[in-house]
Each structure stands twice: as structure tokens, then as C-alpha cells.
Amino acid sequence: MIRWWISALQLTELLVASVVHLTYGFYIFSTAVAGDLSQALSDWFFKPNLEGGLKGDDSIKTSVNDLPPIVLVHGIFGFGKGRLGGLSYFAGAEKKDDRVLVPDLGSLTSVYDRARELFYYLKGGQVDYEEEHSKACGHSQFGRIYEKGHYPEWDEDHPIHFVGHSAGAQVVRVLQQMLADKAFKGYENTSENWVLSITSLSGAFNGTTRTYLDGMQPEDGRSLKPICLLQLCRIGVIIYDWFDIPWLKNFYNFGFDHFNMSWKKIGIWGLIDCLLGNSGPFASGDWILPDLTIQGSIRLNSNICTFPDTYYFSYATKRTKKIMGTTVPSGIFGIHPLLFIRVLQMSQWRHPPDVMPPYKGYRDEDWWDNDGALNTISMTHPRFPVEHPSHFVVQDSDCQPFRPGIWYYKIVEGDHILFIVNRERAGTQFDLIYDSIFDRCRKHVFRKNPTLPNHQVHH
């Protein structure tokens, strides 16, 4: 009887979670469509003004051409410029500086695949996922073609500032390691110094216990439970990619085109094969969720360095507090409905007693503070399997001049999506965070004499 009640509760929770996530997804999608339509109408009515405005905009951009670009890298289910109509993943933060790029990477693809995509987005050419990896994971070696890179001059003398949200922060770290390892064919001169700074916003450095709540098996951090939210997500993604409706894929893409799951290529039997878990990204484990488990993050981190000449900054978010020794959500109204149940569940997380803990010295209570998607311990700096140099920041001025090779981190009161998609939710905090990030990139983080940015400031 008790087992029956537990199963009924779990199914109810799954139903509620599915409805909440689908509703939010539909809300984002319809907001983007509505924005697109209103933009099309205003373009139609005010075309002459718009053309004049665009010409003016180009003249601004040429004056800052020598500044290092700031590249904003989205997280899971995210999107770059050009997807979802005019909607901005970073809620318009990219407008705060004239030299900002917002790449569109796979929204559910693995950290490895995204890091490869990011390199070719910037340098140009056809995305090469590397032969050995592609064969092991069962997808094409080559992907999207960038006729012209968004920053083809990128090298050690023209380094880049990266800002990553959630899984995007780990993507940038993997990319920097690839540059250090000279992992791109035809580019033998790459080095870690192509990256000037990495700023992480709620970055997924050490994994999250939420993956287990959503359906990853705590035993291995790779496979899925038979009935869970991620199984529903998996089925939905396979069907979406199989139907392969061009206008829909242009609007929003999960990033699995290199797995060739379209009906044109695999037919009905291929679809059944994917759904049964015999082929595709979910079968080979080459998707984002295995990288976000604690075990998956430890696997990634064991091959990634913190480099001595790169500047590292991190904003860890937290939506919990302690009452009489118990961790609970900090208020009801400040937490997005999408995340509230998860904040509560993550603050009560217990690793299954019959399963080996993910690392030596693991304690449940270290993982209770969270923002509804990631645990706060995971977001400050890379900690497992080896702790990287770090410095807890209270006031920015206390740390200046900043030193490279150290993770400077702050803990911010907010949930996981406070600084993306909806600017109004974050209020004044939104401007404070992004202004401080852009300001630091332009005024405090340099490897060489910062002649140009100072020149810009005096203007």
C-alpha cells in the first residue's frame, strides 16, 4: 500500500513538472512569435527610418573594432542571436556594449560538441567534431558551415572575453582547454591565451543534484530512469527532430542536426530505433545531461585547467536559507514557478544510501543551497576532483588589481533564470550585474597595455 502511494505521488509530481515546463516553453515560444509579428509590422510601417538607423549603427561599430569582443554563451535549452525571433536569451544585456557576440549553439548538445561549434562560429569554416569522437558517438564528423567567422582574427594577440550562463560557462572552459591542447585540425598555433577572461553566471562547474531529480541515474550519472521528466523530454526532442520542419527548426533547434535524425534520412524504422534508445544522442550519451551530473562534471573537470594568464570571475546564485538548521526556499514570490518545486526538492536532497557517493568526502548538506537548477557549491569555482584557486569577493574594490589564474566569486540572491530572458524580473540587479561584468572587461582585465579602451573612456 505504501509503495502504491509513493508511486502515485511520483507520477503526480511528474505530471505537475511536465505541465509547468511545457507551459513555460509555450509561453517563451508564443512571446517570440508575438515579438516577431510586431517587429515585422513595425518594419513594414517604418522602413525608411529603420534603414537610416541601421546605417548609423554601423558607423558606431567600426570605431570599436580593436576592442576584444565579449562573447555571451547560453546554457541548456538556450539560444543565440537569430533564434526565437527577436527574443534575447540574455534579456538584451548584449546591447550594453558595442562589441558583443551571442552565438547560437546546440541547446541540448554535449559540452564537447558545443565547444567545437563555438570555435568555428568565431574562426569560420565547417564545424569539425573530430573523427574519433564522432565515430564513438554515432554522428557526422562535420556540421554547420560558417562562411565567415564572427571574429576570424581571433588569436593570442586578439583574445576574447567570454561570459557563460549555466552550462555555457563549462563550454567555455572546455574550449579553452581544447585551445591549449591544440585540438583543432589546421590550427596548430592555438593556446589557452586566446581567452582573456571567463565570467560565469550561475555556471555549472561541478554538476547538479537536480539531474537525479529529473531522471538521471545516481549510480552512473549517464543513464535515464525508465519513467521521468527527461524521458518525456527525450521522446519530444526525437520526434521534433524527426519531423524536421524547416521553418520550425529555424525558429528553434536543439542542435542535433549532426545526428541525422530527420525522417528523410532514417525513415520510420530509424525513428523507432531512436525511441527505443538504440541510436541517437540519448543512446550514446553525447548530450548535455550526462555532463551536468556530478560524475559527468568530475569527468570533464579532470581534464580542464585553470590557466595562469586568464582572468576568472563567477557569480553563484542561491534561493535558499537556513531556518533552525534546516535548508528551505527563501520566500515564495521571488522564485520562478518553473523552479520553486526544484528549489524545495534540492534543499532536501539525499544521495541514495545504497549507491556509492560521487566523490570521496561527499556530504548531502554541502549540496542543499541551490537556485532551482544548480547547487550553489557547484557554481562558485571548479572544486571536484581538485579544488582550483579561488577568492570569495565581498566588494570588487577589495580585489583590485585583479590577478589572473584565480576564480573570484560572489554569491548572489537569485534563482537560476534571474539574469536571462526576462529583464524585468531582476530589476536593478540586472543592470548592476551586467554593468559590472562589461566594465571589468573593458577597464580592469588586460594582458597588454590597455591603450584603446582608455582612449574610448576619455571620448
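Both Trp-367 and Phe-384 are buried. This model is predicted. The two residues make a good way in, and the rest of the chain follows from there.

## Ring pairs

How are the rings of Trp-367 and Phe-384 arranged? Their centres lie 6.0 Å apart and their planes meet at 25 degrees, so the pair is stacked. The cut-off for stacking is under 30 degrees. Trp-367 belongs to the loop between helix H13 (337-347) and helix H14 (376-379). Phe-384 belongs to the loop between H14 and strand S10 (390-392). The pair therefore ties together parts that are 17 residues apart in sequence.

A pair of aromatic rings is described by the distance of the centres and the angle of the planes. How many such pairs does a search of the whole structure find? The count is 29 aromatic pairs.

Phe-256 and Phe-282 form another of these pairs. Their ring centres are 5.7 Å apart, and their planes stand at 70 degrees, so this pair is edge-to-face. Phe-256 sits in the loop between helix H8 (246-251) and helix H9 (263-275). Phe-282 sits in helix H10 (residues 281-284). The pair thus ties together parts 26 residues apart in sequence. Phe-256 and Phe-282 are both buried.

Rings also gather in a group. Ring pairs join Phe-119, Tyr-120, Trp-154, Phe-162, Phe-184, Tyr-187 and Trp-194 into a cluster.

A ring can also have a charge over it. The charged end of Arg-440 sits over the ring of Phe-313, at 4.0 Å from the ring centre.

## Helix H3

Helix H3 covers residues 111-123. This helix has 13 residues and reaches 19 Å from its first C-alpha to its last. That is close to the 18 Å expected at 1.5 Å a residue.

Is H3 enclosed or open? Of its 13 residues, 12 are buried, so H3 is largely enclosed by the rest of the structure. The buried residues include charged ones, among them Asp-113, Arg-114, Arg-116, Glu-117 and Lys-123. Phe-119 and Tyr-120 are also buried in H3, and both belong to the ring cluster. Just after H3 comes Gly-124, with a positive phi of about 95 degrees.

## Salt bridges

Side chains of opposite charge can pair when their charged atoms come close. The whole structure holds 16 salt bridges. Three of them are listed here.

| Salt bridge | Closest N and O atoms |
|---|---|
| Asp-244 and Lys-264 | 3.5 Å |
| Asp-431 and Arg-423 | 2.8 Å |
| Asp-439 and Lys-443 | 3.1 Å |

Take Asp-244 and Lys-264, which meet in a salt bridge. This pair links distant parts of the chain, 20 residues apart. Asp-244 lies in the loop between helix H7 (229-243) and H8, and Lys-264 lies in helix H9. Which partner is buried and which exposed? Asp-244 has 17% relative accessibility, so it counts as buried. Lys-264 has a relative accessible area of 54%, so it counts as exposed.

Asp-439 and Lys-443 show another arrangement. Both lie in helix H17 (residues 428-443), 4 residues apart, about one turn of the helix. An α-helix has 3.6 residues a turn, so residues three or four places apart point the same way. Asp-439 is partly exposed at 32% relative accessibility. Lys-443 is partly exposed too, with a relative accessible area of 42%.

Asp-431 and Arg-423 belong to a wider set. Lys-96, Arg-423, Asp-431 and Asp-435 are linked in a network of salt bridges. Asp-431 counts as partly exposed at 28% relative accessibility. Arg-423 is partly exposed as well, with a relative accessible area of 31%.

## A buried leucine

Where is Leu-84 found? Leu-84 is in the loop between strand S1 (70-73) and strand S2 (100-101). Its relative accessibility is 3%, so Leu-84 counts as buried. Leu-84 and Asn-253 are 169 residues apart in sequence, but 9.4 Å apart in space, C-alpha to C-alpha.

## The whole chain

The protein chain contains 18 helices and 11 strands. The chain has 459 residues, and 52% of them count as buried. Among contacts with a separation of 6 or more, 70% come from residues 24 or more positions apart. About 21900 Å² of the protein chain is exposed, and carbon and sulfur atoms supply 61% of that area.

Note on methods: Residues are numbered from 1 along each chain as its sequence is written. This is a predicted model: local features need pLDDT of at least 70, side-chain atom pairs count only at pLDDT 80 or more; totals for chains, interfaces and linings use all residues. Side-chain values use heavy atoms; hydrogens and water are left out. Rings of Phe, Tyr and Trp (its six-membered ring) pair if their centres lie within 6.5 Å; planes under 30 degrees apart count as stacked, over 60 as edge-to-face and the rest as tilted. Helices (H or I, at least four residues) and strands (E, at least two) are DSSP runs, numbered from the N terminus. Buried means under 20% relative accessible area, exposed over 50%, partly exposed in between (1.4 Å probe, protein chains only). A charge sits over a ring if NZ of Lys or CZ of Arg is within 6 Å of the ring centre and within 35 degrees of the ring normal. The expected span of a helix is 1.5 Å times one less than its number of residues. A salt bridge is a side-chain nitrogen of Lys or Arg within 4 Å of a carboxyl oxygen of Asp or Glu. Contact means heavy atoms within 4.5 Å. Accessible areas come from the Shrake-Rupley method with a 1.4 Å probe; for residues, only the protein chains shown count as cover.
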